[in-house]
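Good morning, colleagues. I would like to take a few minutes to go through one model, beginning with its ligand site and then turning to three loop residues. Please have the sequence and the structure open while I speak.

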Amino acid sequence: MGILNVTPDSFSDGGRYSSTTAAVEHGLAMAADGADVIDVGGESTRPGAIRIPVDTELARVLPVVRDLSRCGVTVSIDTTRAVVADAAARAGAAMVNDVSGGLADPAMAKCIAAAGLSYVAMHWRAPSRTMAQHALYRDVVADVVGELGARVEALVDAGVKPNQIILDPGLGFAKTAAHNWQLLSRLAELVALGYPVLLGASRKSFLGELLGGATPVPPAARDAATVAASALAAAAGAFCVRVHDVASSLDAVRVADAWTAASAPNHR
Ligand code: PMM
């Protein structure tokens, strides 16, 4: 999944694709690099971010969703708002990526059930403005698996079919770097719920801190670390990685696939 933030303020690519033309060009380039899905987002979720009006979000994303879909690209809409998900679906989006897993907007679950689209339910505890205060866990992996399991129940109760659901542990969302590493190293416990798992590690600050310590390396210098995370995630059973640099992570997941296939018993 290639990341296309049509925002002025996202941590890595904010402001780079704020015109429709630049955004569509970049989406097409990521699709040509091998992305299966392009994830279009109009609202930044970086820590501390203030919410934007719904009209602003719609104006940013709809022309990009429409143009990319017309070009035959599979588009995901990164939104926590049912009205945006619904409008994007009408403009051609095939998937909804909701970083709140349906918690930010009570209308989301019904919207997904009615639209029948694939739905990424990410683990989330609070809006970006205050999420850092909610990074308190007994056992982060057990708590995230339990809370995502509860989201699945609520979604299915609202009419969403299990085969529409993709789960995501929400790296960096109400999580410290130590929490993120726990979630990655014990990914199998989330995979064991039986749903496809998506991971968004790309260029995130825990990678910058790993490489730079007290002076984290900047987002643009985090791609090699992202590639390593993509390979390990794929080998651990992830279904999808959400990344800024598509070509390098595609190579990484191909390596992981070949590695896993060769270690299967019937391959020897
Ligand atoms: N991270 C961001 C935005 N959307 N969606 C999912 N499913 N998972 C994530 O980890 C995730 C996301 C924030 O990062 P960005 O600024 O690179 O988009």
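**The ligand site**

Let me begin with K204, where a polar atom of the side chain lies 2.7 Å from an oxygen atom of the ligand. I should say at once that this is a predicted model, and the distances I quote should be read in that light.

A second side chain, that of R242, places an N or O atom 2.8 Å from an oxygen atom of the ligand. G200 contributes through its backbone: an N or O atom there is 3.4 Å from a ligand oxygen. How much of the ligand's accessible area does the protein cover? On its own the ligand has 410 Å² of accessible area, and 96% of this is covered by the protein.

Let us now widen the view to the full surroundings. The ligand is surrounded by 16 residues, and the closest are D78, N97, D168, K204 and R242. Sorted by class, this shell comprises seven nonpolar, five polar and four charged residues. Two strands, β1 (2–5) and β5 (118–122), each provide at least two residues of the shell. As for the pockets of the model, the largest is the space that the ligand takes.

**Three loop residues**

I turn next to S202, in the loop that runs between β7 (198–199) and α8 (205–212). Is this residue buried or exposed? S202 has a relative accessibility of 3%, and therefore counts as buried, the cut-off being under 20%. Its side chain forms a polar contact with the side chain of H244, at 2.7 Å.

The second residue is S128, which belongs to the loop between β5 and α5 (140–157). The strand β5 is one we have already met, as a contributor to the ligand shell. S128 has a relative accessible area of 11%, so it too is buried. What does the side chain of S128 reach? It reaches the backbone oxygen of T45, at 2.9 Å.

The third is A238, located in the loop between α9 (223–235) and β8 (240–241). Here the relative accessibility is 15%, and A238 is therefore classed as buried. In sequence, A238 and A188 are 50 residues apart, while in space their C-alpha atoms are 8.8 Å apart.

To close, I would return to the ligand: the protein covers 96% of its accessible area, with K204 and R242 among the closest residues. Thank you for your attention.

How values were computed
Residues numbered from 1 in each chain as written. Predicted model: local features only at pLDDT ≥ 70, side-chain atom pairs only at ≥ 80, totals over all residues. Heavy atoms only, no water. Near = heavy atom within 4 Å. Polar contact = N/O pair within 3.5 Å; in protein donor to acceptor, adjacent residues only side chain to side chain. Areas by Shrake-Rupley, 256 points an atom, 1.4 Å probe, with all protein chains shown as cover. 1 Å grid on protein atoms, 1.4 Å probe; cavity = no way out; pocket = protein on both sides within 12 Å on 5 of 7 lines; lining within 4 Å. Sits in = over half its atoms within 2 Å of the grid points. Helix = DSSP H or I, 4+ residues; strand = E, 2+ residues; numbered from the N terminus. Nonpolar A, V, L, I, M, F, W, Y, C, P; charged D, E, K, R; others polar. Buried < 20%, exposed > 50% of the residue type's maximum accessible area, 1.4 Å probe, protein only.
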